[in-house]
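Biologist: I am new to this structure and would like to go through it step by step. Please show it before we start.

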Amino acid sequence: MGRRKKIVQECETLMDKPENIRNIAIAAHVDHGKTTLTDNLLAGAGMIADEGEATKLMMDTEEDEQERGITIDAANVSMTHEYEDTNHLINLIDTPGHVDFGGDVTRAMRAVDGALVVVDAVEGAMPQTETVLRQALREGVKPTLFINKVDRLISELQEGPEEMQERLLAVIRDVNELIRGMTEEMDDIDDWTVSVEDGTVGFGSALYKWGVSMPSMQRTGMDFGEIMELERADKRQELHERTPLSDVVLDMVCEHFPNPIDAQPMRVPRIWRGDDESELAEDMRLVDENGEVVLMVTDIGIDPHAGEIAAGRVFSGTLEKGQELYVSGTAGKNRVQSVGIYMGGEREEVEKVPAGNIAAVTGLKDAIAGSTVSSVEMTPFESIEHISEPVITKS
Ligand code: GDP
């Protein structure tokens, strides 16, 4: 069996175990390393070859795909990761890094329950860090922090342990100040600040593929001093092998981001103003795969062969080919022509996509990004408000 087929099968077996699913986004200020980190995760999950910066898609044995040298530039991708002897399905939604795409970032946040915020250790928190945090928190999406480019502090800026610690703690403090400021008024969010001790902060180098966190240090037995020595001695391959970034980050994702069953009871009241006593509300709270179908469309893509593809989060029920579904804001119903999941930029058709997952659907010709698609007529989800960048005006 081809490698790609195997991964798809693995994803399919996990799709109806919502407790093992994590729907996540990676968000960052431009150039802080989101793309490089994403490539690491895909390589770590066995989706692409781990061969330096020239990562090529290796998932298919079909020649033409390899010849075409498709590289990962995916809007959405599903991968699997084993954590504490349990296999997890991680659905990663890409968020555009550029300032102009504020709206798209907010839309992506609607589909996920956790946001990994990447901050450059040298630059620290920047305006877009604030924007993506605000977008996440407003949607009830839990943040964790990855401080990237730590190699630069060690090798380029030649910082000593104390100087470096101070700098890293300052980044964490700044991010926590933002989180605290934004969540103070929200009574459904307890304490979503991040901390090294809790394991909600990771550090490392996406470029050289090593990472570290409190739990990873306990697991590998490597402390920060040893990591600094290896980085300084240019032994980055050894660092990568002994404490791979993808393990640090994917473990953090599995441990600290809520699964759909934990997330939806809290998220649904934030994003949906329908009757919370109704059966539909219960279906969504329970992530009930046998309930009515509710899909929130977050993105419309174009496939040269299949035409328009609606991507979004299935909050309840199970999406299947042939279903006739209502599309909010339009009169008639649309017929689902196919359902699928994303595998490294490619859509892969599957039999069905149950609640708690991200689906790629064809046939929803009336849907737009932001549509609520459902098997019964319902109050649509709240419209997605765009948060734009802080505007600097000249006086
Ligand atoms: P994005 O805009 O957030 O997606 O950032 P990219 O992943 O494209 O990275 C921006 C630049 O930073 C590229 O030149 C990367 O090679 C570089 N970069 C990313 N991660 C690291 C890192 O950990 N260390 C160093 N030194 N450079 C990095």
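**Cysteines, core and ligand**

Modeller: Cys-254 is buried, with a relative accessible area of 3%. Bear in mind that this is a predicted model.

Biologist: How far is the sulfur of Cys-254 from the closest cysteine sulfur?

Modeller: The closest cysteine sulfur to that of Cys-254 belongs to Cys-11. A disulfide needs two cysteine sulfur atoms within 2.5 Å. The gap here is too far for a bond, because the separation is 13 Å.

Biologist: Is Cys-11 buried or exposed?

Modeller: A residue is called buried when its relative accessible area is under 20%. The relative accessibility of Cys-11 is 0%, so Cys-11 counts as buried.

Biologist: How many disulfides does the count come to?

Modeller: Cys-11 is in no disulfide, and the nearest cysteine sulfur to it is that of Cys-254. By the 2.5 Å rule, the count of disulfides comes to zero.

Biologist: Which helix gives the most residues to the largest nonpolar core?

Modeller: The largest nonpolar core has 50 residues, and Leu-37, Met-79, Leu-319 and Val-353 have the most contacts inside it. Six residues of this core come from one helix, spanning residues 245-256. That helix, which gives the most, is α11.

Biologist: Which residues does Leu-37 touch, leaving out those up to four places away in sequence?

Modeller: Leu-37 is among the residues with the most contacts inside the largest core. With residues up to four places away not counted, Leu-37 touches Ile-26, Leu-116, Val-118, Phe-146, Ala-206, Leu-245 and Val-249.

Biologist: How many residues are in the second, separate core?

Modeller: This core includes Val-119, Leu-133, Leu-153 and Trp-210. The number of residues in this second core is 33.

Biologist: Turning to the ligand, which residues around it come nearest?

Modeller: There are 15 residues around the ligand. Those that come nearest are Asp-31, Lys-34, Thr-35, Thr-36 and Asp-151.

Biologist: How much of the ligand's accessible area does the protein cover?

Modeller: Ligand oxygen atoms lie 2.4 Å from a side-chain N or O atom of Thr-35 and 2.5 Å from one of Thr-36. An oxygen atom of the ligand is also 3.2 Å from a polar backbone atom of Leu-207. On its own the ligand has 570 Å² of accessible area, and the share covered by the protein is 74%.

Biologist: Which element gives the largest share of the shell around the ligand?

Modeller: Two elements give two or more residues to this shell, α2 (34-44) and α6 (150-156). The largest share is three residues, and the element that gives them is α2.

Technical notes
Residues are numbered from 1 along each chain as its sequence is written. This is a predicted model: local features need pLDDT of at least 70, side-chain atom pairs count only at pLDDT 80 or more; totals for chains, interfaces and linings use all residues. Side-chain values use heavy atoms; hydrogens and water are left out. A nonpolar core is a set of buried Ala, Val, Leu, Ile, Met, Phe, Trp, Tyr and Cys residues joined through side-chain atoms within 4.5 Å. Buried means under 20% relative accessible area, exposed over 50%, partly exposed in between (1.4 Å probe, protein chains only). Helices (H or I, at least four residues) and strands (E, at least two) are DSSP runs, numbered from the N terminus. Contact means heavy atoms within 4.5 Å. A residue is near a molecule or strand if one of its heavy atoms lies within 4 Å of it. A polar contact is a pair of N or O atoms within 3.5 Å; within protein, one must be able to donate a hydrogen and the other to accept it, and residues adjacent in sequence count only if both atoms are side-chain atoms. Accessible areas come from the Shrake-Rupley method with a 1.4 Å probe; for residues, only the protein chains shown count as cover.
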